[in-house]
Amino acid sequence: MSSQRPTPLKILFASSEAQPLIKTGGLADVAGSLPPALSHLGEEVRLVLPAYPTTLEQARELTPVSSLRIGAYPGEITIHQGTLEEGVTLYLVEIPGMFDRPGNPYVDGQGNNWPDNAQRFAAFCRVVANIALGQAGLKWLPEIVHCNDWQTGLVPALITGEGNRPASIFTIHNMAYQGVFDRITFDQLQLPPALWSMEGLEFHNNFSFLKGGLAFADWITTVSPTYAGEILTPAFGYGLDGLLEYRKSRLTGVLNGIDYRVWDPAGDPAIAQPYDAQTLKLKAINKQHLQQELGLPRQPEALLIGNIGRLVEQKGVDLILDILPGLMHKENLQVAILGSGDPELERRLTAMADAHPGKIAVHIGYDEALAHRIEAGCDCFLMPSRFEPCGLNQLYSLRYGTVPIVNRTGGLADTVVDATPRNLLEGTATGFVFDRPQPPALWDCLERVIEFWNRPAMWWEKLVLAGMRQDFSWDSSAQHYRDIYHRAIDNPAPSPVARKDD
Ligand code: ADP
Ligand code: GLC
């Protein structure tokens with residue numbers, strides 16, 4: 001534990017998305033709620049994001065506070081200052097030609113990566129590095145720069161070796177996305193040549209933004225203790241497990257918290273009927289409304305299983321598709337799925353819903369309010385992820401009394417306690433956990449769930465109430481980050497490259 005300081009820590013928190021301004025997945029939930037939690041602890045946090053059009057429209061009280069030019073980029077960059085919420089200053093970085101385009105931050109309308117993603121996020125990293133070094137005209141010098149995922153991975157590399165630099169923290173939300181580009185791009189970006197080395201950004205003759213974070217940060221974190229162990233193995237490390245093993249004395253798993261101001265069934269404006277553990281019976285009204293909304297028969301006795309998420313291989317949606325036909329032979333069972341992503345998975349899900357009207361409802365798209373209604377209206381929530389760095393929907397499900405069914409991996413393993421006879425007796429069971437992301441294991445687990453659902457209702461209620469009692473608020477995780485910030489300040493990592501010549 002480090003000593004408490006009399007003055008707040010100055011933290012620059014860099015992310016490519018943050019709730020409520022721009023969101024594609026859980027990174028946005030974290031970037032929108034960890035900075036306020038740190039501010040709550042008394043620290044001074046400033047969040048920096050790219051200025052996407054919707055972000056500029058929605059942010060509060062924006063004022064342009066600085067303009068700058070950066071080496072490789074034509075045009076003037078503008079930093080706008082606003083407020084994320086009380087206590088958290090927001091910087092939006094407007095870079096001509098880079099972020100002023102509609103839609104998703106990373107992909108075009110067809111789901112393909114924007115072809116200039118390297119240029120876009122390298123430019124963003126350059127500006128963040130300038131802010132971190134007090135060279136962006138903001139008259140503010142952070143002690144910590146906290147980077148998240150590959151889009152901010154170059155920042156620790158760009159500030160390495162600089163005198164008076166802040167300590168850098170890099171949080172891995174997902175090792176599967178690395179930001180790998182070729183040598184020509186590296187040269188075009190005019191990055192410091194010394195960064196092109198095995199100890200630096202070079203990765204199998206290409207270069208990797210993610211590696212910038214992993215090789216150069218003073219401290220690396222990831223979003224659950226189990227995932228922190230998994231990424232040291234070839235199966236989860238995507239070729240970077242060796243580097244992580246080498247740096248593991250500076251690698252910590254910190255479980256994400258969730259924002260109970262946004263995800264609270266007792267005060268959720270998106271749901272039909274508020275409820276809590278004391279008024280659990282009212283949850284059934286949300287189930288009725290959801291069934292009606294999704295065109296499912298209003299059957300209280302049907303076990304309603306929900307799933308929400310990005311439709312990608314990680315989430316194991318194909319495993320759900322594999323077992324759905326068999327599940328359709330079960331009585332009193334309904335399925336509600338909300339997601340978007342891989343067009344083939346979207347097509348297969350839609351076809352499945354068409355083949356089983358009244359039993360399977362599929363909504364393709366991104367719908368925040370419907371996500372809340374699914375959490376409130378379902379009896380259980382299925383997450384058969386092949387890997388899951390943390391996962392937030394199982395945590396929302398626990399709070400909403402919606403029993404999670406999860407594969408034992410990453411944050412899912414750390415947050416859901418399987419309903420074994422012993423755990424049930426001890427009152428610690430909160431969900432159902434299976435051991436292998438394969439259809440037979442998922443099937444066996446669902447048989448177990450169905451058997452449990454058909455027991456006297458008190459059993460299900462016991463499981464639900466144990467889940468609702470869990471506390472995954474940000475308080476303790478934010479304190480953990482604060483300790484890591486102090487450790488990083490006290491133990492700066494030596495630069496892995498000899499010289500960073502600009
Ligand atoms: P990941 O970050 O890998 O996508 P998480 O479980 O950490 O997974 O977080 C996903 C977040 O995105 C949750 O808040 C979830 O509700 C939300 N989400 C994902 N897909 C959708 C969708 N189609 N509509 C609404 N919300 C979605
Ligand atoms: C990632 C992970 C998810 C995690 C989220 C927030 O996108 O896939 O497991 O919850 O980031 O950290």
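The following legends describe close-up views of a predicted model.

**Figure 1. Ligand 1 lies in a shell of 21 residues.** Lys-23, Gly-26, Arg-310, Lys-315 and Gly-365 come nearest to the ligand. On the side of Lys-23, a polar side-chain atom is placed 2.8 Å from an oxygen atom of ligand 1. Asp-29 likewise directs a polar side-chain atom to an oxygen atom of ligand 1, at 3.1 Å. The backbone takes part through Asp-367, of which a polar backbone atom is 3.0 Å from a nitrogen atom of the ligand. Of the 560 Å² of accessible area that ligand 1 has on its own, the protein covers 93%.

**Figure 2. Secondary-structure elements and domains contribute to the shell around ligand 1.** Two or more residues each are given by H1, strand S13 (303-311), strand S14 (333-341), helix H13 (368-377) and helix H14 (393-399). The largest share, three residues, belongs to S13. Sorted by class, the shell holds six nonpolar, eight polar and seven charged residues. Ligand 1 lies between domain 1 (14-257 + 476-490) and domain 2 (277-472), because both give residues to its shell.

**Figure 3. Ligand 2 is surrounded by 14 residues.** The closest of these are His-173, Asn-256, Glu-388, Cys-390 and Gly-391. The side chain of His-173 brings an N or O atom to 2.6 Å from an oxygen atom of ligand 2. For Glu-388, the corresponding separation between a polar side-chain atom and an oxygen atom of the ligand is 2.5 Å. Gly-391 makes its approach through the backbone, with an N or O atom 2.8 Å from an oxygen atom of ligand 2. The accessible area of ligand 2 on its own is 310 Å², of which the protein covers 93%.

**Figure 4. Helix H1 and two domains give residues to the shell around ligand 2.** Helix H1 (residues 26-40) supplies the largest share, three residues. The shell is made up of six nonpolar, six polar and two charged residues. Domain 1 (14-257 + 476-490) and domain 2 (277-472) both contribute to this shell, so ligand 2 lies between them.

**Figure 5. A salt bridge joins Asp-187 and Arg-183.** The two side chains meet with an N to O distance of 3.4 Å. Because Asp-187 and Arg-183 are four residues apart in helix H5 (residues 183-188), about one helical turn separates them. Side chains of opposite charge can pair when their charged atoms come close. The count for the model comes to 22 salt bridges.

**Figure 6. The backbone has a cis peptide bond between Gln-19 and Pro-20 and a positive phi at Glu-61.** At the bond joining Gln-19 and Pro-20, omega is about -5°. Pro-20 belongs to the loop between strand S1 (10-14) and H1. Glu-61 is not a glycine, yet its phi is about 45°. This residue is located in strand S3 (residues 60-68). Most residues other than glycine have a negative phi, and most peptide bonds are trans.

**Figure 7. Two spans of the chain carry UniProt domain annotations from an unreviewed entry.** In the UniProt record, "domain: Starch synthase catalytic" is listed for residues 10-245. The end C-alpha atoms of residues 10-245 are 30 Å apart, and the span is 31% helix and 25% strand. The UniProt annotation "domain: Glycosyl transferase family" covers residues 301-458. For residues 301-458, the end C-alpha atoms lie 14 Å apart, with 44% of the span in helix and 22% in strand.

Key:
Residues numbered from 1 in each chain as written. Chains lettered and ligands numbered in written order. Predicted model: local features only at pLDDT ≥ 70, side-chain atom pairs only at ≥ 80, totals over all residues. Heavy atoms only, no water. UniProt positions renumbered as here; feature names shortened; annotations may be inferred. Near = heavy atom within 4 Å. Polar contact = N/O pair within 3.5 Å; in protein donor to acceptor, adjacent residues only side chain to side chain. Areas by Shrake-Rupley, 256 points an atom, 1.4 Å probe, with all protein chains shown as cover. Nonpolar A, V, L, I, M, F, W, Y, C, P; charged D, E, K, R; others polar. Domains from an automatic or database assignment. Salt bridge = Lys/Arg side-chain N within 4 Å of Asp/Glu carboxyl O.
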